[in-house]
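Notebook open, structure loaded. I want to look up the cores, one helix pair and the cysteines.

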Amino acid sequence: MLNDIKEESEGFCFLDESKETSHSDNENEDDEKEGRMPKQVVVFLSRIWNNLMERKGLLFGVLLGISMGLQLCILKGLSPMSAYQIMFYRSIILLLSVVLILWEKSNSYDIIDMVYYLAYGIFNCLGILLIYLALGLAEVGNVTVISTNGPVPSAILGCIILKESVTTWDMIVFTLNLVGIFLVSKPPFVFKSDHGNPVKSLNEFYGSLLALLGLFNLVLTNIFSRKLAYRENSDPALMTFIPGMTGIAITGVILCFTDSWELPSSLKELLLVLSLGIFSLLCNCFLVLGLQTERVITVCVLETLSVPVAFMADILVFQSVPDLVSILGAITIVATTVGCLCKP
């Protein structure tokens, strides 16, 4: 008697499950007919949204990539201006962060904290300046693919210095990320070669070397920022103010011995300089805020979102026509960003 009841109940459960499955299938068909997103897509997007809301570091990493991409687009409009002058004006605007510094908390910083802050400011300034100089010598594609390849050295230094783990998923993500950067930037040393002009080849070599040195400096700034986050003494405003001070000191001395002091020559140039400084200020704050809670490699992968953002801005502003390779690369980078955002 009990076995008969059990078999009947199992049969009813089977019928209920089949009804639920058919019901969900009908819902998907109704969604397709009414033009709504399928349920699986809604669940996928809600997972990304929940991760962004629960892990603020991911959100700041995405904002970092967007603001960095807009910086790259603005730099294209400032090409006639020297790198030292661009860096000097940028540093002045970074000083505006002084009004947001947590002075009461800064009284508790010890000598190690101040060393980290000073090192962050120096390496940040040198890294950005070296990349600006590299853009004046080498192809934009070469400089971009080198200077934005932060995930690989960040993963290595993060393991060695910060003892942060790197999973198989991380390896897959930053490998695909590197492929995407190559496809978008299309560096001439991979897609074509120019051996007919020895001067240009030499400039390419020097420019690539400067970009590599700039990348190394910026990776070190990420390490110092994460170190301060572990010590719970990371202040985004102070870590924006110090690069401004060091930038003014370094470029000010260089300008005195090299270039003449010149103001922006037009209203358009002035607006571009102001925009570059504001986005630089935001980038620095987003970077520090992201590294307060997320690993270095995660923030570096999200930062490479700047490449497709600059790519899209180049299409909209400068009316450039992209090819299939660049589009595929942009999609690959966005996919790796989504991969970071979906990871629990």
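I started with the largest nonpolar core, which counts 33 residues in this predicted model. L78, I86, Y132 and L276 have the most contacts inside it. I then checked where its residues come from: helix α6 (residues 111-135) gives the largest share, with 7 residues.

Next I picked I86 and listed what it touches. Leaving out residues up to four places away in sequence, I got L75, L78, M81, Y132 and L276. Of these, L78, Y132 and L276 also sit on my list of residues with the most contacts inside the core.

I noted a second core too. It lies apart from the largest one and has 29 residues, including V219, F224, A237 and F241. For context, I jotted down that nonpolar side chains in soluble globular proteins tend to be buried together.

Then the helix pair. Helix α8 (residues 151-160) packs against helix α14 (residues 296-303) at an angle of about 170°, and the axes are 8 Å apart. Anything over 145 degrees counts as roughly antiparallel, so that is how I logged α8 and α14. On the α8 side I wrote down P151, S154 and A155; on the α14 side, V296, I297, C300 and V301. Sorting the residues of this contact, I got 6 nonpolar, 1 polar and no charged.

Last, the cysteines. How many disulfides does the structure hold? I found 0. I looked up two cysteines for exposure: C73 is buried at 13% relative accessible area, while C159 is partly exposed at 32%.

Technical notes
Residues numbered from 1 in each chain as written. Predicted model: local features only at pLDDT ≥ 70, side-chain atom pairs only at ≥ 80, totals over all residues. Heavy atoms only, no water. Core = buried A, V, L, I, M, F, W, Y, C linked by side-chain atoms within 4.5 Å. Buried < 20%, exposed > 50% of the residue type's maximum accessible area, 1.4 Å probe, protein only. Helix = DSSP H or I, 4+ residues; strand = E, 2+ residues; numbered from the N terminus. Contact = heavy atoms within 4.5 Å. Axes fitted to C-alpha atoms, helices over the stretch in contact; angles between N-to-C directions. Parallel < 35°, antiparallel > 145°, perpendicular 65-115°, else oblique. Nonpolar A, V, L, I, M, F, W, Y, C, P; charged D, E, K, R; others polar. Disulfide = S-S within 2.5 Å.
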